[in-house]
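Me: I am new to this structure and would like a short tour. Could you show it to me, and then I'll ask some questions?

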Amino acid sequence: MSSVLVLMEQRGGIWNRMSFEALAAGQQLAAKLGIECSAAVLGENLDTLASELTGKNLAKVFAVQYELLKTYTSDGYVVVLEQLLKHAAPAYVLMPHTYQVRDFAPALATRFKQVLISDVIAIHDGPIFVRQLLQGKLNADYKHSSAGPCFLSVQAGTFRAEAIEAGTATLENFTPQLEASQIRSTPGEPFREAAQTIDLSAAPVIVSVGRGIGEQENIAIIEELASALGAELAASRPICDNGWLPMERQVGSSGQTVSPKLYLAVGISGAIQHLVGMKGSKTVIAINKDENAPIFEVADYGVVGDLFEIVPALTKAVLAAKS
Amino acid sequence: MKILVAIKQVPERDAPISIAANGKWIDEGGLSYTINEPDAYALEEALQLKEKTGGEVVVLCAGPERVTSTLREALAKGADRAIHIEADDLGERDTLGVAQLLADAAKAESPDLILTGLQSDDLGLGQTGVVLAELLGMPHATIIMQVEVTGSSLKVKRELEDGWFQHVEMPLPALLTIQSGGNKLRYATLMGIKKAKTKETKTVQPAASISSKAVTLERVYLPEKQKQTEMLTGTPAEVATKLVEKLKFEVRVI
């Protein structure tokens, strides 16, 4: 029987929270198609995590406990998941769009002569899977057109973890065949560069700058606006890549996740990697010269224009209003 | 060491985008193209590795005739050779089909290391590199910030989420997908542009015919607004006054 299988992600016994959004997506897709939904988790010492999953509305929970899976490796996951998928034979394999999934899922899909539909932001009847193209400028409908399993990863915030239905599931321990020699890479312990000294997640007001600023020296005008508003200064990835602002000021999927009262985005186009980090903002104001910039899709107030004229005028007006 | 860099040509970031008449892709007429930015970081990493350890950097790109301008730019920056896989039908292929083209050409070169960007600025599927590694039977690592080659093995720094990193070691040959920001991108010098003209660009025909696609792109369209956006217009001073009103009375941060 065809089914949906959700691959849950954990590290050292701690869930990646995005897994539960994927689980919600899996339950909803299965309900839509009138098929069963199951979930799987890989690693070592998974009893607690697996029993948490058996309390959800799922047909089965596959626990794949194996010493060589204690630490994530692409090779280990691909070999074992190929075996699990052949055993469980799902029609759809759903995963959260995490860095780990991005590392192994394309190789896993290749083993089944399939292509991962990554970064899905909506699932419509059909089923049709919606993802973004060209840095969020366009949406695209994708269809799975082959007999093998359909591999999908869902973008953060697309489905709500609170929507997961409770129930009871059968636990199945799956024992994989994996030799140490099949794992070609040796991962080290995760580390952080330096202590994060700026906690953007708690900032009530954030002024954030993107590519539109053009040059490093221009950032001064954004700093002036931020200081006039008593705001934290933040940036999109390219600004930090260029070394114009430190990495710890980056908002987005590879940076910090923020939820301020006000997020003022200046010269930021709004690629999905950035939107993921700022979507918790209560009010969004965007200033951008491109009226079609995706940032305007999530902005409450938008200004299309030259930031080099608007930002200094705004700073002046803010200071005047405060005095 | 022979390093192969798989690059893609994509529309310029600021290029105005309109949807093609068939609604299945963008209108390519009059578009200007450039190197996919993450691939530019992959090329930069390759050039720096060559400067440290010697060897050769070969750039590889599949696509129509126009992609040769991107290959020439890579040569001008310092790549030694270029391979153009002549393919006018990339839109007819899914990731597996495109990766197969690259794999066939890569096999003939037997490189020690293959680098590519972590995703493309147009499709953004973020998997061609990993699929290519799988087709070639090579180990891979993704979202790489730093690369260190020691003899026949590789030590890389991988970016994880939320500001975490990890070192990973693996044997060569291997494939890495490169994250932006690990290095500063170089510009082509005038000398480089001159030299590029004398460098070899080989054109190869695709070995693999199009197999049936695993996924199809059915339709492209403008995204629907998630919020009702109020657009503020006027002179900069007028816009500033309107914004301050909002900040004072609606957002209440002043």
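Me: In what order do the 6 strands of the open sheet lie?

Reply: Happy to help! Keep in mind that this is a predicted model. The sheet is open and its strands pair in parallel. Its edges are β16 (232-235) of chain A and β13 (230-231) of chain B, each pairing on one side only. Reading across, the order is β16(A)-β15(A)-β17(A)-β18(A)-β19(A)-β13(B).

Me: Which residue in β16(A) is the bridge partner of A:Val207?

Reply: Strand β15 of chain A covers residues 205-209 and pairs with β16(A) in the parallel sense over 4 bridges. The partner of A:Val207 in β16(A) is A:Leu233.

Me: Which helix of chain B lies across β17, β18 and β19 of chain A?

Reply: From chain A, helix α5 (residues 219-229) lies across β15, β16 and β17, at about 175 degrees to β15(A). The chain B helix also lies across β13 of chain B, and runs at about 165 degrees to β19(A). That helix, residues 236-250, is α6.

Me: Is α4(A) parallel or oblique to α4(B)?

Reply: The axes of α4 (residues 99-111) of chain A and α4 (residues 128-136) of chain B come within 8 Å and cross at roughly 50 degrees. Because of that angle, α4(A) is oblique to α4(B).

Me: How many residues of the contact of α4(A) with α4(B) are charged?

Reply: On one side, the residues include A:Arg102, A:Asp103 and A:Arg111, and they meet residues of α4(B) such as B:Glu134. The contact also has 5 nonpolar residues and 1 polar one, while the charged residues number 4.

Note on methods. Residues numbered from 1 in each chain as written. Chains lettered and ligands numbered in written order. Predicted model: local features only at pLDDT ≥ 70, side-chain atom pairs only at ≥ 80, totals over all residues. Heavy atoms only, no water. Pairing = 2+ DSSP bridges. Helix = DSSP H or I, 4+ residues; strand = E, 2+ residues; numbered from the N terminus. Contact = heavy atoms within 4.5 Å. Axes fitted to C-alpha atoms, helices over the stretch in contact; angles between N-to-C directions. Parallel < 35°, antiparallel > 145°, perpendicular 65-115°, else oblique. Nonpolar A, V, L, I, M, F, W, Y, C, P; charged D, E, K, R; others polar.
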